[in-house]
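Trainee: I am new to this structure and would like a close look at a single part of it, taken slowly. Could you choose one helix, set it in its surroundings, and then go on to whatever else helps me read the model?

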Amino acid sequence: MISPSSNPLKPLTYAKVAFFANSFKRLKSSQQWLIRQKADPYVEKAKINNYRCRSAFKLIEINNKTNILKPGLTVVDLGASPGSWTQVAVQKTNSDGADTTKPKGKVLSIDKLQIFPIEGATIISNMDFTTTEAHGKVVDALDGMKVDLVLSDMAPSATGVKELDKDRIIGLCYNAIRFAALVSKIDGSLLFKVWDCKEVSMLGMDLEKFYRNIKIIKPLASRSESAEKFILARGFRGIQRPLRNGQWS
């Protein structure tokens, strides 16, 4: 007979129950993701066209409607890993020089994560674009050139807490706007991802201070259940920089 004190079956604590529940949710979510991936035509198209992920088709679709990418342009791709938007930018700007009859552009990509080499692109991996060090590296890599287009398909890792996730992506958006303001040429453009929320209208009003035209786009390549949208800001007005040697720079 086993005494109560030696009973190996101990009651589950709240922490253990929560752990098992979260593990089950993650497993279910992973299974749903795999099913969705297999049924997604853009996943297969990405493999056929050698794009690193399906998001390439979002940029292709947006560009087909807006013509923001052209041969000869200088483009910076923020949060670029794994690199599908960079691949599209290289093709459309001819930064790899594949078409000798068209102007050759320049594409620079930066991310905190590793980005494996892409022919025709300058890659800055393991670098947070919001830091002073990163800005200096980008400016050096551009070698005095101003940017025609800043791209950002960035999104924070979801925590599952809606308000926190919303605040984090809005923060990323403002960081992208700040970066673009420092490197863009007059009449340059900015394209970035946002999740649908009430703060988007305020974001749009802030953008109008720096850009002449603001447009919200939901490409068909975005999954129907996704809350993501893209904001395209065109016609950068420029900014008044701090005094240098007694004059505005």
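**A close look at helix α5**

Mentor: Before we turn to the helix, consider the chain as a whole: among contacts between residues at least 6 apart in sequence, 62% join residues at least 24 apart. Please keep in mind throughout that this is a predicted model. The protein chain has 249 residues, of which 41% count as buried, and it holds seven helices and nine strands. Its accessible surface comes to about 14700 Å², and 56% of that surface belongs to carbon and sulfur atoms.

Now to the helix itself. Helix α5 covers residues 132–142, and within it A134, V138 and L142 are buried. If you look down the axis of α5, the buried residues fall within an arc of 70°, so they line one face of the helix. The general background is that an α-helix has 3.6 residues a turn, so residues three or four places apart point the same way. On the other side of α5 you will find T132, E133 and D140, which are exposed. What do the buried residues of α5 pack against? They pack against the strands β1 (74–78), β2 (106–110), β3 (121–124) and β4 (147–152), and also against helix α6 (162–183). Just after α5 comes D143, whose phi is positive, near 55°.

One of those packing partners, β1, deserves a look of its own, for it is mostly covered, with five of its five residues buried. In a regular strand the side chains alternate between the two faces of the sheet. In β1, T74, V76 and L78 point one way while V75 and D77 point the other way, and all of them are buried. This strand is joined to β2 by five bridges, and the two run parallel; as one example, T74 has K106 as its bridge partner in β2.

From here we can move to another helix, α3 (residues 56–66), in which I62 is found. With a relative accessibility of 0%, I62 counts as buried. Leaving aside residues up to four places away in sequence, I62 touches N67, I68, L191, I217, P219 and F230. The C-alpha atoms of I62 and A221 are separated by 9.6 Å, although these residues stand 159 residues apart along the chain.

F230, one of the residues that I62 touches, also leads us to the aromatic rings, since the structure holds five aromatic pairs. In one of them, the rings of W85 and F230 have their centres 5.6 Å apart and their planes at 35°, so the pair is tilted. This pair links distant parts of the chain, for W85 belongs to helix α4 (residues 84–93) and F230 to strand β7 (residues 228–236), 145 residues apart. Both W85 and F230 are buried.

A further pair is formed by Y51 and F57, which meet edge-to-face, with 5.6 Å from centre to centre and 90° between the planes, and both of these residues are buried. Together with Y42, they form one aromatic cluster. Finally, K45 lies over the face of F57, at 4.8 Å from the ring centre.

Methods: Residues numbered from 1 in each chain as written. Predicted model: local features only at pLDDT ≥ 70, side-chain atom pairs only at ≥ 80, totals over all residues. Heavy atoms only, no water. Phe/Tyr/Trp six-rings, centres within 6.5 Å; stacked < 30°, edge-to-face > 60°. Buried < 20%, exposed > 50% of the residue type's maximum accessible area, 1.4 Å probe, protein only. Helix = DSSP H or I, 4+ residues; strand = E, 2+ residues; numbered from the N terminus. Lys NZ or Arg CZ within 6 Å of the ring centre and 35° of its normal. Contact = heavy atoms within 4.5 Å. Areas by Shrake-Rupley, 256 points an atom, 1.4 Å probe, with all protein chains shown as cover. Arc of directions from axis to C-beta. Pairing = 2+ DSSP bridges.
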